[in-house]
Amino acid sequence: MSICFDKVSKSFGGKKVLDQISFEINKGEIFFIIGKSGVGKSVTLKHIIGLLKPEQGNIFLDECCVNELNSEELTILRQKCGMVFQHPALLDFLSIKDNVCFGIRNQQLTAEELKKSACAKLALVHLNEKILNQYPHEVSFGMQKRVSIARALTLNPQYLLFDEPTTSLDPISKNAINDLILELSRSLNVTSVVVSHDIDCALKIADRILVLEDGKILALGTTTEIKNSKNPFLIEFLSETFINSWDQVS
Ligand SMILES: Nc1ncnc2c1ncn2[C@@H]1O[C@H](COP(=O)(O)OP(=O)(O)OP(=O)(O)O)[C@@H](O)[C@H]1O
Ligand SMILES: [Mg+2]
């Protein structure tokens with residue numbers, strides 16, 4: 001076990017978003033959290049790195065109770081976690097190299113060491129070092145997405161947290177980013193938590209999938225278990241989601 005949610009509840013303005021949610025994520029797993037828009041996927045992810053605190057329950061990361069940490073302890077904990085946001089969120093006024101090295105900018109490294117680190121991380125996401133001195137607006141959206149993943153790898157995290165990594169991408173780029181998540185998770189031996197509404201991507205690469213609905217866990221299982229589930233609510237959810245994702249592509 002590496003991440004554990006123990007009876008976690010969270011409300012905003014009287015609306016219960018998470019209602020006594022409990023689940024565990026194993027070390028080295030690719031764990032997808034899926035569900036409809038507004039169901040609490042990003043809220044769940046934010047609890048893992050202490051960006052949100054539960055009103056009830058606890059979140060553990062490597063046996064450490066995240067919601068009880070002070071801000072210094074949280075900073076140390078977050079160094080174990082590489083976060084990839086839905087939008088690349090690169091800084092326009094910094095070069096690709098400086099964006100990738102943002103997390104190590106205060107480590108008093110030489111220019112050569114920073115360059116070496118940036119090149120190594122760009123190589124992991126299959127980007128050529130020729131773009132090091134370019135600026136975010138000079139590269140494609142798909143490349144910006146890869147740069148944001150390279151940035152998340154800078155501190156050699158044990159956990160990679162992705163919030164909607166394939167949203168706004170065309171089908172080919174979407175599959176390429178999905179494949180990259182699989183490749184990085186296995187080659188770097190990290191635990192990946194992927195928040196997505198894309199069941200198609202989840203079924204391709206997830207070890208296990210958690211489905212959220214109405215503040216509760218609708219289903220949790222391997223891709224085979226999810227696909228073969230006889231739960232009528234899950235069957236309805238999957239058919240609706242497949243129809244929606246088909247609509248978006250066609
Ligand atoms: N900081 C906040 N303050 C108030 N309400 C919030 C806050 N963060 C999230 N919410 C609310 O909690 C609910 C769940 O939000 P969340 O962002 O987790 O949804 P989601 O499942 O990630 O949706 P999407 O697929 O659209 O990204 C929403 O109703 C949202 O408005
Ligand atoms: Mg979200």
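Which residue in S8 is the bridge partner of leucine 161? It is valine 193, and the legends below start from the sheet that holds this pair. Keep in mind throughout that this is a predicted model.

**View 1. Here is the six-stranded sheet, laid out strand by strand.**
The sheet is open, and its 6 strands come in the order S6-S7-S8-S3-S9-S10 with mixed pairing. Strand S6 (81-84) and strand S10 (216-222) sit at the edges with a single partner strand each, so one side of each has no neighbour in the sheet. From one strand to the next, the twist averages 15°. As a reminder, strands of a sheet pair through backbone hydrogen bonds, and they can do so in parallel or antiparallel fashion.

**View 2. Now zoom in on S6, S7 and S8.**
S6 and S7 run parallel and share 4 bridges. Look for valine 84, which stands opposite phenylalanine 162 in S7. On to the next pair: S7 and S8 are parallel too, with 5 bridges between them. This is where you'll find leucine 161 bridged to valine 193 in S8. S7 is mostly covered, with 4 of its 5 residues buried.

**View 3. Next come S8, S3 and S9.**
Strand S3 (residues 30-34) pairs with strand S8 (residues 191-196) in the parallel sense, over 5 bridges. One spot to pick out is isoleucine 34, whose bridge partner in S8 is serine 196. S3 also runs parallel to S9, joined to it by 4 bridges. In that pairing, isoleucine 33 has leucine 210 of S9 as its bridge partner.

**View 4. The hairpin of S9 and S10 is shown here.**
S9 and S10 run antiparallel and are joined by 6 bridges. Leucine 212 is matched with isoleucine 217 in S10 as its bridge partner. Between the two strands of this hairpin there are 2 residues, and aspartate 214 takes a positive phi near 50°.

**View 5. Helix H1 crosses the sheet, and the nonpolar core comes into view.**
H1 lies across S3, strand S7 (159-163), S8 and strand S9 (208-213), and it runs at about 155° to S8. The largest nonpolar core has 56 residues, and those touching the most other members are Phe32, Ile48, Ala150, Leu160, Leu161, Val193 and Ile209. Leucine 161 makes a handy landmark: setting aside residues up to four places away in sequence, it touches Leu45, Ile48, Ile49, Cys81, Met83, Val84 and Val193.

**View 6. Valine 194 takes the centre of this one.**
Valine 194 belongs to strand S8. Why does valine 194 count as buried? Because 28 other C-beta atoms lie within 10 Å, and 20 or more is what it takes to be called buried. Apart from neighbours within four places in sequence, valine 194 is in contact with Ile30, Phe32, Phe162, Pro165 and Ile181. Histidine 47 is 147 residues away along the chain, and its C-alpha atom is separated from that of valine 194 by 14 Å.

**View 7. Arginine 151 gets its own close-up.**
You'll find arginine 151 in helix H5 (residues 141-152). Arginine 151 counts as buried because it has 27 C-beta neighbours inside 10 Å. Beyond its neighbours within four places in sequence, arginine 151 is in contact with Asn99, Val100, Phe102 and Gly103. Leucine 90 is 61 residues apart from arginine 151 in sequence, yet the two are 9.2 Å apart in space, C-alpha to C-alpha.

**View 8. This is the shell around ligand 1.**
Which residues are around ligand 1? They are Phe12, Val17, Gly35, Ser37, Gly38, Val39, Gly40, Lys41, Ser42, Val43 and His197. Helix H1 (residues 41-48) gives the most to this shell, with 3 residues. Sorted by class, the shell has 4 nonpolar, 6 polar and 1 charged residues.

**View 9. Last up is the four-stranded sheet.**
This open sheet has 4 strands in the order S2-S1-S4-S5, and the pairing is antiparallel. Strand S2 (15-25) and strand S5 (64-65) are the edge strands, each pairing on one side only. Strand S4 (residues 56-61) is joined to S5 by 2 bridges, and the two run antiparallel. For a residue to look at, try leucine 61, which stands opposite cysteine 64 in S5.

Note on methods. Residues numbered from 1 in each chain as written. Chains lettered and ligands numbered in written order. Predicted model: local features only at pLDDT ≥ 70, side-chain atom pairs only at ≥ 80, totals over all residues. Pairing = 2+ DSSP bridges. Near = placed C-beta within 6 Å. Nonpolar A, V, L, I, M, F, W, Y, C, P; charged D, E, K, R; others polar. Buried ≥ 20, exposed ≤ 12 C-beta atoms within 10 Å, placed from the backbone. Contact = placed C-beta atoms within 7 Å. Axes fitted to C-alpha atoms, helices over the stretch in contact; angles between N-to-C directions. Core = buried A, V, L, I, M, F, W, Y, C linked by C-beta atoms within 7 Å.
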